[in-house]
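Trainee: Could you take a close look at one part of this model with me, and then follow the trail into the rest of it?

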Amino acid sequence: PPVTGLPTVGPLAYNVEPGEARFIAGQKIDAKLTLTNVSNTSVTINNYPPAIKVTPNGDSTRIIVSVAAGIKPRDLRPNETVSINYSWDQKDATKSQVVPGWYEIAFGNITIPDYTFARNAHVLIQYPQGALIKYFSPNQTQTVSGLTVTLQRIDMNSDYATFRCVYTPPGYTNSLA
């Protein structure tokens, strides 16, 4: 049966695993790109399998490790599915552990008639001690040069930190502080 509910590029439906995931430093990361021909005719993927490269998130010019693309075409019959699997040991080309942070595992360029595209898995390598996941309610108020600010709450998790501050203009009373 045809694949439904997956995003498509031209005649190909695709799925990337993991779409986004977190890993402990040193843990093996398995990524997979699945392509399905959702058209009624065969589709040829040029240079199969596609190249794979790992880069720091947002810096596709700094390649950590890469795998060259294949040189042969791959025909996909209607409703046929292929998977490209990649395992990364979190090491760079010199076999050194990469620093914690966000990385992209890019599958591409995938070239079929009229389309060229790439798909990425986004992975976070966490610090060995983990992330501080906690909230604080310091409710500390400070007035400097007539400006009063109250730091009400700090929320921290593995993705971000938020700070809730309340500014009290001169002449007003802050009932929330």
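Which residues form a nonpolar patch on the surface, and about how much accessible area do they have together?

Mentor: Happy to, and do keep in mind as we go that this is a predicted model. The nonpolar patch on the surface is made by L147, V149 and Y167, which together have about 270 Å² of accessible area. Take V149 as your way in: this residue is found in strand β14, residues 147-156. V149 counts as partly exposed because its relative accessibility is 36%, and that value clears the cut-off of over 30% for patch members.

Stay with β14's residue range for a moment and look at charge. The side chains of R153 and D155 meet in a salt bridge, at 3.0 Å from N to O. R153 is partly exposed, with a relative accessible area of 24%, and D155 is also partly exposed, at 24%. This pair is one of five salt bridges in the structure. Side chains of opposite charge can pair when their charged atoms come close.

Another of those bridges joins D30 and K28, whose closest N and O atoms are 3.6 Å apart. Here D30 is partly exposed because its relative accessibility is 42%, whereas K28, at 52%, counts as exposed.

K28 leads us to F23, since K28 is among the residues that F23 touches. F23 lies in strand β3, and it is buried, with a relative accessible area of 12%. The strand itself, residues 20-24, has two distinct faces: A21 and F23 are on the covered one, while E20, R22 and I24 are on the uncovered one. Beyond K28, and leaving aside residues up to four places away in sequence, F23 touches P18, I29, Q90, V123, L124, I125 and Q126. Several of those names fall in a partner strand: β3 pairs with strand β11, residues 115-126, in the parallel sense over five bridges. Within that pairing, E20 stands opposite H122 in β11.

Two of F23's contacts deserve a backbone check. P18 sits in the loop between β2 (12-17) and β3, and the peptide bond leading to it from E17 is cis, with omega near -10°. There is a second cis bond elsewhere, joining Y48 and P49, again with omega about -10°; P49 lies in the loop between β5 (43-48) and β6 (52-56). The other contact to check is Q90, which is 67 residues from F23 in sequence but 9.7 Å away in space, C-alpha to C-alpha. Q90 belongs to the loop between β9 and β10 (101-112), and its phi is near 65°, a positive value in a residue other than glycine. Q90 is buried, with a relative accessible area of 0%.

That loop follows β9, so to speak, and β9 takes us into a sheet. The open sheet has four strands in the order β1-β2-β4-β9, with antiparallel pairing. β1 (8-9) and β9 (81-88) stand at the edges with a single partner strand each, so one side of each has no neighbour in the sheet. β9's pairing with β4 is antiparallel and runs over eight bridges, and L35 stands opposite V82 in β9. Strands of a sheet pair through backbone hydrogen bonds, either parallel or antiparallel.

β4 (29-37) also holds N37, a polar residue worth zooming in on. N37 is buried, with a relative accessible area of 0%, and its side chain reaches the backbone oxygen of R77 at 3.3 Å. Not counting residues up to four places away in sequence, N37 touches P11, L12, S42, V43, L76, R77, P78, N79 and E80. From that list, N79 sits in the loop between β8 (72-76) and β9. Its phi is near 70°, another positive value in a residue other than glycine, and N79 counts as partly exposed because its relative accessibility is 38%.

R77 and E80, both contacts of N37, bring us back to charge: together with R74 they are linked in a network of salt bridges. In the R74 to E80 pair, the side chains meet at 3.2 Å, N to O. R74 is partly exposed at 25% relative accessibility, while E80 is buried, with a relative accessible area of 13%. That gives you a route from the patch of L147, V149 and Y167, by way of β3's covered face, to the buried N37.

Definitions and conventions. Residues numbered from 1 in each chain as written. Predicted model: local features only at pLDDT ≥ 70, side-chain atom pairs only at ≥ 80, totals over all residues. Heavy atoms only, no water. Patch = residues over 30% accessible without salt bridge, like charges linked within 9 Å, V, L, I, M, F, W, Y side chains within 5 Å. Areas by Shrake-Rupley, 256 points an atom, 1.4 Å probe, with all protein chains shown as cover. Salt bridge = Lys/Arg side-chain N within 4 Å of Asp/Glu carboxyl O. Buried < 20%, exposed > 50% of the residue type's maximum accessible area, 1.4 Å probe, protein only. Pairing = 2+ DSSP bridges. Polar contact = N/O pair within 3.5 Å; in protein donor to acceptor, adjacent residues only side chain to side chain. Contact = heavy atoms within 4.5 Å.
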